[in-house]
Amino acid sequence: MASRCAFQLNVLLILAFAATAFSALSPYYYEQVCPEALPTIKRVVEAAVYNEHRMGASLLRLHFHDCFVNAMCARRSLERMLRDQALSHHSSMASLSAFQLNVFLILAFAVTGFSALSPYYYDHVCPKALPTIKRVVEAAVYNERRMGGSLLRLHFHDCFVNGCDASLLLDSTSTIDSEKNSLANNNSARGFEVIDLIKNEVDKICGRPVVSCADILAVAARDSVVALGGSSWNVQLGRRDSTTGSRTQADKNLPSPFMDLPGLIKNFRRQGLNQKDLVALSGGHTLGFAQCFTFRDRIYNDTNIDRDFAKERRRTCPRSGGDTNLAPLDPSPASFDTAYFSNLVKYKGLLRSDQALFHGGSGSTDRLVKAYSYNAGAFSSDFAKSMVKMGNIKVLTGKQGQIRSNCRKVNYY
Ligand SMILES: *[C@@H]1O[C@H](CO)[C@@H](O)[C@H](O)[C@H]1NC(C)=O
Ligand SMILES: *[C@@H]1O[C@H](CO)[C@@H](O)[C@H](O)[C@H]1NC(C)=O
C-alpha cells in the first residue's frame with residue numbers, strides 16, 4: 001500500500017511538473033500554419049470511432065503510452081510500480097490492466113485539477129444546489145452588475161489565504177481576527193450578503209447544510225463571470241470550510257495594487273501559480289472598479305501611462321480627498337471581455353499591478369497580454385484553467401474542516 005501511494009504521489013508530482021514544464025506549447029500552434037489540421041484529424045478520428053467504438057480508447061491509450069516513454073522519472077516509477085503490482089497480484093495481466101487504468105484515472109484527475117474534488121460532487125446529495133446558486137447570483141448581478149466582480153474577487157481573496165476554505169467569510173470573534181479587516185479587504189471586500197443569501201437558499205433546497213461555503217464561493221465566482229458574458233467551465237467541488245481565519249496571513253498573501261511584476265510573480269508563485277496564471281487571473285479585472293487611493297499615485301506620478309487616460313482619471317480622483325471614489329478597471333467593467341488586455345497594450349491600465357503586466361518591450365508577460373488582447377478564446381480558456389487551479393489551493397476535503405451552517409461562524413457542535 002505504501003509504495004502504491006508513493007507512486008501515485010509520484011505520478012501527481014510528475015504531472016504537476018509536466019503541466020508547468022510544457023508551457024511552451026499552445027492550443028493555437030497550428031492556427032496560422034495550417035488551420036485545417038485539427039478539423040482534419042477530428043474528421044478521421046470520428047470516422048474511425050464511428051466504424052469501431054473501441055478505437056476511441058485505443059487512440060487515447062496510444063497517446064498515454066507515447067508520453068510515458070522517455071520521461072525517465074515517470075518510466076522508472078512506472079516500471080517499479082508495475083513490478084510491485086505484479087508481485088502482489090501474482091502477476092496477473094488483469095491486475096496490470098486495472099493498474100494502468102488506475103494510473104490513467106489519476107492522470108485524468110490531475111489534468112483537470114488534482115485532489116479529491118469533482119464537478120459532480122453534489123449531483124447525488126443535492127442536485128438542485130448548483131442551479132440554486134446560479135439563480136441567486138444572476139439575480140444579484142442583475143440587480144447590481146458590479147456585484148459580479150465583487151463575487152469573483154471573494155473567491156480569489158479566499159483562496160490566497162490558507163487555501164480555498166471560506167476562511168475569508170468568518171467574522172471576528174474573541175479567537176478569530178477576521179480576514180475581512182485585512183488591508184486588501186477592509187472597506188473593499190463586498191458581496192457577503194449575497195453569499196449569506198445563497199447559503200440560506202441552498203441549505204433550504206438541500207434540506208440540510210451539505211454545501212460548503214468554500215464551494216459556494218467557487219461556484220458564485222464562475223456564475224458571476226458567466227452572468228456578465230464570460231464562458232463557463234466546470235467548477236471542481238467538495239471543499240470543506242475552515243474553522244479559523246487569519247488577518248495576518250491575509251496581509252501577508254493578498255497582492256497589493258502597488259506591486260511591480262517581480263512582486264506579483266513571487267506572490268503568485270507562493271500559491272503554486274505561474275506567470276500564465278498571473279496574467280490570466282489578472283484578467284478578472286475586466287470586471288469591476290477600484291477606489292481612488294489604489295491608483296492615485298499611478299495617475300499623478302507614473303510615466304508608463306497614457307496622458308489622456310491619466311487626465312480623465314484625475315477628474316474623479318483628486319490629489320487629496322475622494323479616497324473611495326470609484327473608477328472602472330477597464331472601459332467595460334460589467335462585461336467579461338478582452339478590453340482589460342487591449343487597455344494594457346495602450347498603457348491604460350488603472351492599477352500599477354495591472355500595467356506591470358505590460359512593459360511594451362521585453363517584459364516576460366508582454367507576449368501573453370498581447371495575445372489575450374486579440375484572442376478572446378485563448379483568454380477564456382486560460383482563465384478557466386487558472387480558476388480551476390486556483391480553486392484547488394490547499395483545499396480541505398474528506399473529514400477535514402466542516403460544512404458551516406452559517407458562513408460567518410464556525411459550527412460548535
Ligand atoms: C477598517 O475600516 C474601518 C472604517 O474605515 C476603520 O475604522 C478600521 O480601523 C479599519 N480596520 C483596520 C484593521 O484597519
Ligand atoms: C507622487 O510623487 C511625489 C514625489 O515622490 C510624492 O510626494 C507624492 O506623494 C506622490 N503621489 C501623488 C499623488 O502626488
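This is a tour of a predicted model, moving from an annotated site to the nonpolar core and then to a pair of helices.

Begin by selecting Asp 158, Val 161, Gly 163, Asp 165, Ser 167 and Glu 179, which an unreviewed UniProt entry annotates as "binding site". Although these residues span 22 positions in sequence, no two of their C-alpha atoms are more than 12.8 Å apart, so they gather at one spot.

Within that selection, centre the view on Val 161, which sits in the loop between α7 (146-159) and α8 (192-206). Val 161 counts as buried because it has 28 C-beta neighbours inside 10 Å. If residues within four places in sequence are left aside, the contacts of Val 161 include Ser 167 and Glu 179, and also Ser 246, Gln 249, Ala 250, Asn 253 and Leu 254.

Move next to Gly 163, which is likewise placed in the loop between α7 and α8. Gly 163 has 20 C-beta neighbours inside 10 Å and therefore counts as buried, the cut-off for that class being 20 or more. Setting aside neighbours within four places in sequence, Gly 163 is in contact with Ile 393, Lys 394 and Val 395.

Now display the largest nonpolar core, which holds 75 residues, and in which Ile 133, Ile 195, Ile 216, Leu 217 and Ala 220 touch the most other members. Helix α9 (residues 213-227) gives the most to this core, contributing 10 residues, and the core draws at least three residues from each of domain 2 (129-251) and domain 3 (261-390). Select Leu 217 here: apart from neighbours within four places in sequence, Leu 217 is in contact with Leu 154, His 155, Asp 158, Ala 166 and Ile 195. Of these contacts, Asp 158 was part of the opening selection.

From the core, go to Pro 255, where the unreviewed UniProt entry also places the feature "binding site". Pro 255 lies in the loop between α10 (247-253) and α11 (261-269), and it counts as buried because 20 C-beta neighbours fall inside 10 Å. Not counting residues up to four places away in sequence, Pro 255 touches Leu 264, Asn 267 and Ser 353.

Finish with α11 and helix α12 (residues 275-282), whose axes come within 9 Å and cross at roughly 105 degrees. That angle makes α11 roughly perpendicular to α12. To see where they meet, select Leu 264, Ile 265 and Phe 268 on α11 together with Gln 275, Asp 277 and Leu 278 on α12, which make the contact. Leu 264 thus links back to the previous stop, as a residue that Pro 255 touches.

How values were computed
Residues numbered from 1 in each chain as written. Chains lettered and ligands numbered in written order. Predicted model: local features only at pLDDT ≥ 70, side-chain atom pairs only at ≥ 80, totals over all residues. UniProt positions renumbered as here; feature names shortened; annotations may be inferred. Helix = DSSP H or I, 4+ residues; strand = E, 2+ residues; numbered from the N terminus. Buried ≥ 20, exposed ≤ 12 C-beta atoms within 10 Å, placed from the backbone. Contact = placed C-beta atoms within 7 Å. Core = buried A, V, L, I, M, F, W, Y, C linked by C-beta atoms within 7 Å. Domains from an automatic or database assignment. Axes fitted to C-alpha atoms, helices over the stretch in contact; angles between N-to-C directions. Parallel < 35°, antiparallel > 145°, perpendicular 65-115°, else oblique.
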